[in-house]
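The following report examines the side-chain pairings and overall architecture of the model shown here.

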Amino acid sequence: MRIPPEPAVSPLSFHLMPAERTPTALGFLTVTEHAELGLFGGYLVLNHAGRPLEFHCTSPVKANRAQEILYGPTLRPYLFGEQIGQTLIAKARNEVALVCTDLASCLAAREFIEKPLLLIMSGENKTTTAAEGEALFGARFKLGKNDIAIAARFEADEQAARTFHSQLIDGIDLTEPFARIREALEEAQKSVRQVA
């Protein structure tokens with residue numbers, strides 16, 4: 001059995017501004033699924049005012065049927081967190097205070113990154129997220145108007161998130177950047193379909 005290769009970071013990745021060492025920068029990580037092409041991961045880094053500093057996305061990643069069977073329920077956390085999330089976060093040049101995701105399976109990336117990883121549970125993903133990620137969850141708490149979950153065994157992430165949130169002046173909406181990423185990934189998918 002061949003393990004899916006580490007996803008390549010797409011040539012659509014770019015740095016919008018020179019790399020900053022801004023402790024108030026935030027990372028946003030999500031994955032979209034395309035029925036024919038597979039999974040696309042996206043990672044957007046925003047400054048404290050919500051402006052993009054850099055964006056990276058992966059080329060499509062798709063497990064074969066044998067891998068789906070053998071990995072079973074661990075396939076999504078493996079692909080979303082270990083393969084896609086870890087790769088994208090490692091590629092970034094800007095240092096972030098913490099990383100946010102809207103998918104429970106992406107919490108698996110926490111094992112491989114140094115920064116806190118928060119699952120933002122919004123109305124549209126709460127039910128799916130809870131069912132999908134129960135085994136991955138550690139503490140759950142409120143941060144402003146957001147329901148948050150963190151990865152099991154990383155309880156210190158809650159305090160880091162609370163400290164960071166209290167330092168935010170402009171109050172970035174933690175759910176909005178995922179829509180930006182999804183739109184950018186849709187554009188990336190169009191380029192892949194044109195090449196295929």
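## A pair within helix H4

Arg162 and Glu158 are four residues apart in helix H4 (residues 156–167), so about one helical turn separates them. The two side chains form a salt bridge in this predicted model, with 3.0 Å between the closest N and O atoms. Side chains of opposite charge can pair when their charged atoms come close.

Arg162 has a relative accessible area of 33% and is therefore classed as partly exposed. Glu158, at 22%, is likewise partly exposed, because that class begins where the buried class, under 20%, ends.

## Salt bridges between distant parts of the chain

How many salt bridges does a search of the whole structure find? The total is nine, and the bridge between Arg162 and Glu158 is one of them.

Another is formed by Asp102 and Arg182, whose closest N and O atoms are 2.8 Å apart. This pair links distant parts of the chain: Asp102 belongs to the loop between S5 and S6, Arg182 belongs to helix H5 (residues 176–195), and their positions lie 80 residues apart in sequence. The partners differ in their surroundings: Asp102 is buried, with a relative accessible area of 9%, whereas Arg182 is partly exposed at 31%.

A further salt bridge joins Glu95 and Lys115, with the closest N and O atoms 3.6 Å apart. Glu95 is located in the loop between H2 and S5, and Lys115 in the loop between S5 and strand S6 (117–121), so the pair ties together parts that are 20 residues apart in sequence. Glu95 is partly exposed, with a relative accessibility of 34%. Lys115 is also partly exposed, its relative accessible area being 29%.

## A buried asparagine in the loop after H2

Asn94 lies in the loop between helix H2 (75–91) and strand S5 (98–101). Is Asn94 buried or exposed? Its relative accessibility is 5%, so Asn94 counts as buried. The side chain of Asn94 makes a polar contact of 2.6 Å with the side chain of Glu54.

The loop between H2 and S5 also holds Glu95. There, Asn94 is buried, while Glu95 is partly exposed.

## Aromatic pairing

The model contains two aromatic pairs. One of them consists of Phe28 and Phe178, arranged edge-to-face with 5.5 Å from centre to centre and 80° between the planes. Phe28 is in strand S2 (residues 26–34) and Phe178 in helix H5, so that the pair links parts of the chain 150 residues apart. Both phenylalanines, Phe28 and Phe178, are buried.

Helix H5 thus takes part in two of the long-range links described here, through Phe178 and through Arg182.

## Overall architecture

The protein has five helices and eight strands. In sequence order, these elements follow the pattern β-β-β-β-α-α-β-β-α-β-β-α-α.

Of the 196 residues, 49% count as buried. Among contacts between residues at least 6 apart in sequence, 64% join residues at least 24 apart. The pairs Asp102–Arg182 and Phe28–Phe178 illustrate links between distant parts of the chain. The accessible surface of the protein is about 9,600 Å², and carbon and sulfur atoms account for 54% of this area.

Note on methods. Residues numbered from 1 in each chain as written. Predicted model: local features only at pLDDT ≥ 70, side-chain atom pairs only at ≥ 80, totals over all residues. Heavy atoms only, no water. Buried < 20%, exposed > 50% of the residue type's maximum accessible area, 1.4 Å probe, protein only. Polar contact = N/O pair within 3.5 Å; in protein donor to acceptor, adjacent residues only side chain to side chain. Salt bridge = Lys/Arg side-chain N within 4 Å of Asp/Glu carboxyl O. Phe/Tyr/Trp six-rings, centres within 6.5 Å; stacked < 30°, edge-to-face > 60°. Contact = heavy atoms within 4.5 Å. Areas by Shrake-Rupley, 256 points an atom, 1.4 Å probe, with all protein chains shown as cover.
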